[in-house]
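Here's a walk through one protein model, from its strands to its cores and its main pocket. Have the viewer open while you read.

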Amino acid sequence: MSLKYQFANQSFQLLPQKAIFWENEKTIILADLHLGKVGHFRKEGLAIPTKSIEKDYHVLSQLITDYKPIRILILGDLFHSSYNNEWNIFAEFVSKNKAIKFDLVLGNHDILAAERYLSIGLNILGEACIHNQIIFTHIPMEKVPENYLNMSGHIHPGFCIEGAGRQSVTIPCFYEKNNNFVLPAFGHLTGLKGLNKTKTTQIFVINGSKVTQLST
């Protein structure tokens, strides 16, 4: 179950698939896919099953089916590191979805040559782009201009939920503070950074198939 979020007459659905659907623009917003990570780890000798590659594509394909976007906006760290064969899987995915515009805000992991992105039809927006009082970046801005919202990734936000018997679990979340709105990492092989709840934050936790805002 998604959760509505609004800013400056713009409506967003926060999705349990760790993405956002921007209703006004018919755009799916993602951050930190870190594609190619399986190949990177296997090269380092870690035996991660190749089947793991399919998981993020399955989720993204389902989002496309459900929301029928005209654009996918990626807020950085599309590919985890240097080129490997997993790039060809992403290129094929883009080719199969030619009706959708793919835009990339560059992140610190996006180190491939620009020609590599452009050759498959990926549009590079640089390190920031602005639309309807929303500034899209990969790394959260230190100070957001008044009356603007900064949407970003990079942090891989999570929230620790404590249970009985000193048990705890950290789950992904959307995190907003001082007009910085941070998306959870879309890629399933990414870690989580635990963030605290304060009076000036909004935290929207992803608990299974539901997004829930924590009470103040």
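What follows covers the sheets, the cores, a pocket and a few single residues.

First, the housekeeping: this is a predicted model, where local features need pLDDT of at least 70, side-chain atom pairs count only at pLDDT 80 or more, and totals for chains, interfaces and linings use all residues. Residues are numbered from 1 along each chain as its sequence is written, and side-chain values use heavy atoms, with hydrogens and water left out.

**Sheets**

Helices (H or I, at least four residues) and strands (E, at least two) are DSSP runs, numbered from the N terminus. Two strands pair if DSSP finds at least two bridges between them. An open sheet of 7 strands runs E1-E2-E3-E4-E5-E6-E7, with mixed pairing. Strand E1 (3–7) and strand E7 (123–124) stand at the edges with a single partner strand each, so one side of each has no neighbour in the sheet.

Here are three strand pairs to check in the viewer.

| Strand pair | Sense | Bridges |
|---|---|---|
| E6 and E7 | parallel | 2 bridges |
| E8 and E9 | antiparallel | 4 bridges |
| E9 and E10 | parallel | 3 bridges |

For individual bridges, try Asp103 with Asn123 in E7, Ala128 with Thr137 in E9, and Phe136 with Met151 in E10. E8 and E9 make a hairpin with 2 residues between them, and Asn132 in the turn has a positive phi of about 50 degrees.

E9 is covered on both faces: Ile134 and Phe136 on one side, and Ile135 and Thr137 on the other, are all buried (buried means under 20% relative accessible area, with a 1.4 Å probe and protein chains only). In a regular strand, side chains alternate between the two faces of the sheet.

**Single residues**

Ser152 sits in strand E10 (residues 149–152). Is Ser152 buried or exposed? Its relative accessibility is 0%, so Ser152 counts as buried. Beyond its neighbours within four places in sequence, Ser152 is in contact (heavy atoms within 4.5 Å) with residues including Leu75, His138, Pro140 and Phe181.

Two other residues have positive phi without being glycine: Asp77, near 55 degrees, and Asn147, near 70 degrees. Asp77 lies in the loop between strand E5 (71–74) and helix H3 (86–96), and is buried at 2% relative accessible area. Asn147 lies in the loop between strand E9 (134–137) and E10.

**Cores**

A nonpolar core is a set of buried Ala, Val, Leu, Ile, Met, Phe, Trp, Tyr and Cys residues joined through side-chain atoms within 4.5 Å. The largest one has 29 residues, and Leu30, Leu60, Ile72, Leu78, Trp87, Phe90 and Leu122 have the most contacts inside it. Elements giving two or more residues to this core include H2, E5 and H3. Leu60 touches Leu30, Ile72, Phe93 and Phe186, not counting residues up to four places away in sequence. Apart from the largest core lies another, of 22 residues, among them Tyr5, Met151, Ile206 and Val211.

**The pocket**

A pocket is an open set of points on a 1 Å grid over the protein atoms alone, where a 1.4 Å probe fits, with protein on both sides within 12 Å along at least five of seven lines; lining residues have an atom within 4 Å of a point. The largest pocket has a volume (the space filled by probe spheres set on the points) of about 190 Å³. Of its 13 lining residues, Lys18, Lys55, Asp56, Phe186 and His188 are closest to the centre. Helix H2 (residues 53–67) gives the largest share of the lining, 3 residues.

Conventions: Buried means under 20% relative accessible area, exposed over 50%, partly exposed in between (1.4 Å probe, protein chains only).
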